[in-house]
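Here is a short report on one protein model. Please read it with the structure open beside the text.

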Amino acid sequence: MKRAVVFAHYDRQDVVDPYVYFYLKQLEHLCDRLIVVSTSALKQEEITELESIGCDVITRENVGYDFMSYRTGIESINYQDFDELVICNDSVYGPFFDLSSVFLEMQEKHEVDFWGMTSGTDIAYHLQSYFLVFNRAVLNSDAFMQFWESVGVLDDKREIIKQYEVGLSQKLLTAGFKPMAYADYMPSASSQLLAMAKRFSFAKVNRKIKALLGGENIIPRVNISHFHWKELILGNRMPFIKVELVRDNPMQVGIEDYENVIRSVSHYDTRLIKNHLSRISDLRS
């Protein structure tokens, strides 16, 4: 299996954090090419350190968010020469498990053409773009090439999600390719309604409940990588936890025991998380 990885990186202090180095070292064991595309002004010693662990480093202007970094990295290689292409970024801590076992499991699912760690239904079905894998059939398709040719600089994050994160999955689905999420989780109806209640106003939740009782097919738009992070790690061997969840906890879910949860299933050094949070908290003070 000849594999290439394009990794999108950004740090406000123009460094590569130790948690990112740990992630990159795990990826390096799995691929033939590892391209790090950074929108930070990395010093030469940082670039040299990345190269020493097997990374090809590209720095670019900080515009266009991760999808422009993905495009830059993809265009730097003959991606059709590879059996698989991975695009991923530094928005997660981990991996908590050996990723080679994840790839082996997904390779055995012969009906799958592209996959990610988790999926979402906000706007439309899609695989979340912090970790995506495409097989050779996808890489050789016009749909894949046309999508990346269409990627440009967008400043609105919601528009990026709509056009690029959701748009990529939908374009490949339309072309007949089959997706799968490695750590998909189907919560119970009660937990879905509870998650909705935390996200939406009471009036909006009440309307959704009435629609559900009336038989309308509504899929609650819940980000499972936030709301169900614990179930994913404990029950689905999810190898990551989102940085945004631990750093900001925008939906105010219970994360107080995240270190104990990780330690219960992994030897991952949670000090990588604590140290990173400590460093970036200084930027807000």
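Is Pro95 buried or exposed? Pro95 is buried, with a relative accessible area of 4%. Buried means under 20% relative accessible area, exposed means over 50%, and partly exposed lies in between (1.4 Å probe, protein chains only).

This is a predicted model, in which local features need pLDDT of at least 70, side-chain atom pairs count only at pLDDT 80 or more, and totals for chains, interfaces and linings use all residues. Residues are numbered from 1 along each chain as its sequence is written, and side-chain values use heavy atoms, with hydrogens and water left out.

**The chain as a whole**

The protein chain holds 14 helices and 11 strands. Both are DSSP runs, numbered from the N terminus: helices are H or I with at least four residues, strands are E with at least two. Of the 285 residues in the protein chain, 51% are buried. Among contacts with a separation of 6 or more, 73% join residues 24 or more positions apart. Contact means heavy atoms within 4.5 Å.

**Around Pro95**

Pro95 sits in the loop between strand E5 (92–93) and helix H4 (99–107). A cis peptide bond joins Gly94 and Pro95, with omega about 0 degrees. Leaving aside neighbours within four places in sequence, Pro95 is in contact with Phe22, Tyr23, Gln26, Pro239, Phe240 and Tyr268. Tyr268 is 173 residues away along the chain, yet the C-alpha atoms of Pro95 and Tyr268 are separated by 7.7 Å.

**Loop residues**

Three loop residues can be set side by side.

| Residue | Loop between | Relative accessibility |
|---|---|---|
| Ile123 | strand E7 (119–120) and strand E8 (126–127) | 32%, partly exposed |
| Asp156 | helix H6 (142–150) and helix H7 (157–174) | 44%, partly exposed |
| Arg237 | H11 and E11 | 41%, partly exposed |

Ile123 has a positive phi of about 80 degrees, although it is not a glycine. Arg237 is not a glycine either, and has a positive phi of about 50 degrees. Asp156 and Gly64 are 92 residues apart in sequence, but 9.2 Å apart in space, C-alpha to C-alpha.

**The cavity**

Rolling a probe the size of a water molecule over the atoms shows where empty space is left. A cavity here is a set of points, on a 1 Å grid over the protein atoms alone, where a 1.4 Å probe fits but cannot get out; lining residues have an atom within 4 Å of a point. How many cavities of 30 Å³ or more are there? The count is one. About 40 Å³ of space lies in the largest cavity. The volume is the space filled by probe spheres set on the points, which are joined across faces, edges and corners.

Ser225, Trp229, Leu232, Met238, Phe240, Ile241 and Lys242 form the lining. Helix H11 (229–236) and strand E11 (241–242) are the elements that give two or more residues to this lining.

**Two packed helices**

Helix H13 (residues 258–265) packs against helix H14 (residues 271–281) at an angle of about 150 degrees, with axes 11 Å apart. Axes are lines fitted to C-alpha atoms over the stretch in contact, and angles run from 0 to 180 degrees between N-to-C directions. H13 and H14 are therefore roughly antiparallel to each other, a term for angles over 145 degrees. On the H13 side, Tyr258, Glu259 and Ile262 meet Ile273, Lys274 and Leu277 in H14.

Terms used: 1 Å grid on protein atoms, 1.4 Å probe; cavity = no way out; pocket = protein on both sides within 12 Å on 5 of 7 lines; lining within 4 Å. Parallel < 35°, antiparallel > 145°, perpendicular 65-115°, else oblique.
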